[in-house]
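I opened my notebook to get to know this structure a little. Here is what I looked up, step by step.

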Amino acid sequence: MRLDHRHQVTRLWPVLALSLFTGCFAGTVHRGPVTDHFDGESFQNIGDAPKLSPLTLISAVMEERRGPWRDYAEEPAGPKPPERVGPGALRVTFINHATVLLQADGVNVLTDPIYSERASPVSFVGPKRVRPPGIRFEDLPPIDVVVVSHNHYDHMDLPTLRRLEAAHHPLFLVGLGNRELLVDEGFQHVEELDWWQSAKSGPHALKVWAVPAQHRSNRGLTDQEETLWAGYVLETSGGPVLFAGDTGLGPHFDRVAERFGPMRLSVLPIGAFRPRVLHPVHMGPEDALKAHHVLRSGTSVAMHYGTFPMAWDGQDEAKYLLLRLLLKEGVRPRFWALGFGEGRDVPPLAPGNDGRADAGR
C-alpha cells in the first residue's frame, strides 16, 4: 500500500539527511594487487549482492510499512561479566547491536563495539539508540582483541574505539584498507587482514581468522567498496567460534563450514532485513536460521537488532520472528536471542554434532 506524500516525506527525511551528511565524509581506501575479490580499486562479494540505486531503495522504502520502535527507555545494565574464563570454556554476552563479548581460553574479544548515542558520523542526525548498552563500559573485563567487521558507522564507531584504546590497549583487527584510519587516530596495535588471513593475540595467543561476509563498505558517498568487509573465526580449544559481521546469506557460509568444520558458536545478524531489497546484504531471521544449519552450529546467538532503527523492521520484529521459526523446527536448534547484557556459557560441541542438538534450550 502506498503512503500519501506527507507520510512519505516524514519517513524518508532521516535517510536523505544522513545521506547528505555522509557525502561530506569518506574513509580510507585499499590499494594493492588484484585478487579474486579485489579488482584493484574496489572489493566484490563472493555471492550475488547487486548494488542498489537510490531510486530502487527509495521505491522500496515507500512501498513497505516501517515497524514500530519505542522511545528511548533506560534499562538496568546486566551483571559484570567474569574477568576471564578458563581453558576449554566459552562464554558469550550480548551487549547491543553487533557488540558481543566473547570469552574463551583466557582471552576476551569484543566485536563491532558501539557505545555511542547515534550510529552516525555526526552527533545530531542518524539512527539513535533506543536503549542503553546491556553492559556498562566500566564493567567490561580486560579486552585483549577488538574485531571490526567493516567501516559502516554502526560497526566502526570511532568514539567507542578511542575509549577502548585508552582503557584497554587491545589489538584491533580490521579488513584491508581500514588500518590507516585507526593509525591516524593514534591507535597503537592495529592489524588489517584479507579473507583467510589470521592473527594471534591475547594471553594464550588466540588465533583469529578473517573470513568472507556478503556486504558492502563506505563511510561516505565517494569510497564505496574501497575497504574490505569480513566476519571472524576464533580458533578456541573447544571448537571454532564465528562472528559473522554484517552479512546477507551467501555461499561464504559453505566455505567457512568447509574450512573450519562445525561451529561451536555462531553469532549471526538477524535485523535490518526490511525493506526486502536489503536481503542480499542483511540476513533476516529466516536466513540466519539457514546459516545456522549450513555452519552445523552447536549454538547460535542473534545480534544486530533492537538497538538502532537502521531499517524498516520494527524493534522486536526480528527477535519474535526468529522465535516463531524455531518453534516450527522438527528438532529445535539451540539458537539464542539473549537479553541485552545477558551472558551464557556455551556448551561444547557434541560428537557428530549437526547443529540441531539439545532441543528446547
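I began with a yardstick: a residue is buried under 20% relative accessible area, exposed over 50%, and partly exposed in between. I also noted that this is a predicted model.

**Entry 1: aspartate 316 and arginine 70**

With that yardstick I looked up aspartate 316, which has a relative accessible area of 25% and is therefore partly exposed. Its salt-bridge partner is arginine 70, with the closest N and O atoms 2.7 Å apart. Aspartate 316 sits in the loop between β12 (299-303) and α7 (317-328), while arginine 70 sits in the loop between α2 and β1 (90-96), so I was looking at a link between distant parts of the chain, 246 residues apart. Arginine 70 is partly exposed too, at 48% relative accessibility.

**Entry 2: glutamate 225 and lysine 51**

Next I asked myself: is glutamate 225 buried or exposed? I found 4% relative accessibility, so glutamate 225 counts as buried. Lysine 51, in contrast, is exposed, with a relative accessible area of 58%. The two form a salt bridge whose closest N and O atoms are 3.1 Å apart. Glutamate 225 is in the loop between β8 (206-211) and β9 (231-236), and lysine 51 is in the loop between α1 (5-22) and α2 (54-63), so this pair ties together parts that are 174 residues apart in sequence.

**Entry 3: arginine 91 and aspartate 345**

I then turned to arginine 91, whose side chain meets that of aspartate 345 in a salt bridge (3.0 Å, N to O). Arginine 91 belongs to strand β1 and aspartate 345 to strand β14 (residues 343-345), and the pair links parts of the chain 254 residues apart. Aspartate 345 counts as exposed, at 51% relative accessibility. In the strands, arginine 91 stands opposite aspartate 345 in β14. The strands β1 and β14 run antiparallel and are joined by 3 bridges.

**Entry 4: the sheet around them**

In what order do the strands of the open sheet come? I wrote down β6-β5-β4-β3-β2-β1-β14, an open sheet of 7 strands with mixed pairing. β6 (190-193) and β14 stand at the edges with a single partner strand each, so one side of each has no neighbour in the sheet. From one strand to the next, the twist averages 20°. I also found helix α3 (residues 158-168) lying across β3 (107-111), β4 (145-147) and β5 (171-175), at about 150° to β5.

**Entry 5: the tally**

Finally I looked up how many salt bridges there are, and the count comes to 13.

How values were computed:
Residues numbered from 1 in each chain as written. Predicted model: local features only at pLDDT ≥ 70, side-chain atom pairs only at ≥ 80, totals over all residues. Heavy atoms only, no water. Salt bridge = Lys/Arg side-chain N within 4 Å of Asp/Glu carboxyl O. Helix = DSSP H or I, 4+ residues; strand = E, 2+ residues; numbered from the N terminus. Buried < 20%, exposed > 50% of the residue type's maximum accessible area, 1.4 Å probe, protein only. Pairing = 2+ DSSP bridges. Axes fitted to C-alpha atoms, helices over the stretch in contact; angles between N-to-C directions. Contact = heavy atoms within 4.5 Å.
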